[in-house]
Structure formats: structure tokens, C-alpha cells
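This report introduces a single protein chain to a reader who has not met it before. It begins with the chain as a whole and then turns to particular groups of residues.

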Amino acid sequence: LNGVWAHPTFVPEVGGLVVRMPLEIELQRNYEYSLLGKQLRNDNIPPTGGDNVTFLYRKAQVLIADTMNSIMEIVTKAQAAK
């Protein structure tokens, strides 16, 4: 491909959603830079002796879905108020 470039980054970038790891993994890896990542780590203590990645991945899925639903509720209320 001509005119295409890429570089690794450890923090989210605008337009960086074309090729990336799943958001659930991004929240786990970069939790120090993300409010949702911090919430994921603080609210969910992985079970001892278990698979921490799988545990946090599933918890991240729920957290993302809940957050998206909250955003949609805010948008819906704002549109109804117009």
C-alpha cells in the first residue's frame, strides 16, 4: 500500500480505532490512562488462582455495555428535551 503508515502507541489516539486490540484488552493494559480502565481495576478484584485476563475481559464487556447504555440515556433525554 502506498501512502499508509502506522506506529505503535500505548494510549488511545483520535482515529486510532481502525486497527487496535479489543477495547476490553485496551482497558486492562492501559488502565492507568483511562477512567474506565481504572474503574475496571478498582471495582473488580480478579479471583486468586484464576484466569485474570478472562475475568477482567468479561467484566470489561459489562462495564463497556453499561457505560454505552448510560450515554444513550443521556442523549435520548437531551433530544427529548429539545
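Of the 82 residues in the chain, 16% are buried. The model is a predicted one. Its secondary structure consists of 3 helices and 0 strands, and the order of elements from the N terminus is α-α-α. The accessible surface of the chain amounts to about 6,800 Å², and carbon and sulfur atoms account for 61% of that surface. Of the contacts between residues at least 6 apart in sequence, 35% link residues at least 24 apart.

Two groups of nonpolar residues deserve attention, one in the interior and one on the surface.

| Group | Residues | Value |
|---|---|---|
| Largest nonpolar core | Leu-27, Leu-40, Leu-56, Ala-60, Leu-63, Ile-64 | 6 residues |
| Nonpolar surface patch | Phe-10, Val-11, Tyr-33 | about 340 Å² of accessible area together |

The largest nonpolar core has 6 residues. Helix α3, which spans residues 52-80, supplies the largest share of this core, with 4 residues. One of the core residues is Ala-60; leaving aside residues up to four places away in sequence, Ala-60 touches Glu-24, Leu-27 and Leu-40. In soluble globular proteins, nonpolar side chains tend to be buried together.

The patch formed by Phe-10, Val-11 and Tyr-33 lies on the surface. Val-11 is located in the segment before α1, a helix covering residues 23-29. Is Val-11 buried or partly exposed? Val-11 counts as partly exposed because its relative accessible area is 37%, a value between the limits of 20% and 50%.

Conventions:
Residues numbered from 1 in each chain as written. Predicted model: local features only at pLDDT ≥ 70, side-chain atom pairs only at ≥ 80, totals over all residues. Heavy atoms only, no water. Helix = DSSP H or I, 4+ residues; strand = E, 2+ residues; numbered from the N terminus. Buried < 20%, exposed > 50% of the residue type's maximum accessible area, 1.4 Å probe, protein only. Contact = heavy atoms within 4.5 Å. Areas by Shrake-Rupley, 256 points an atom, 1.4 Å probe, with all protein chains shown as cover. Patch = residues over 30% accessible without salt bridge, like charges linked within 9 Å, V, L, I, M, F, W, Y side chains within 5 Å. Salt bridge = Lys/Arg side-chain N within 4 Å of Asp/Glu carboxyl O. Core = buried A, V, L, I, M, F, W, Y, C linked by side-chain atoms within 4.5 Å.
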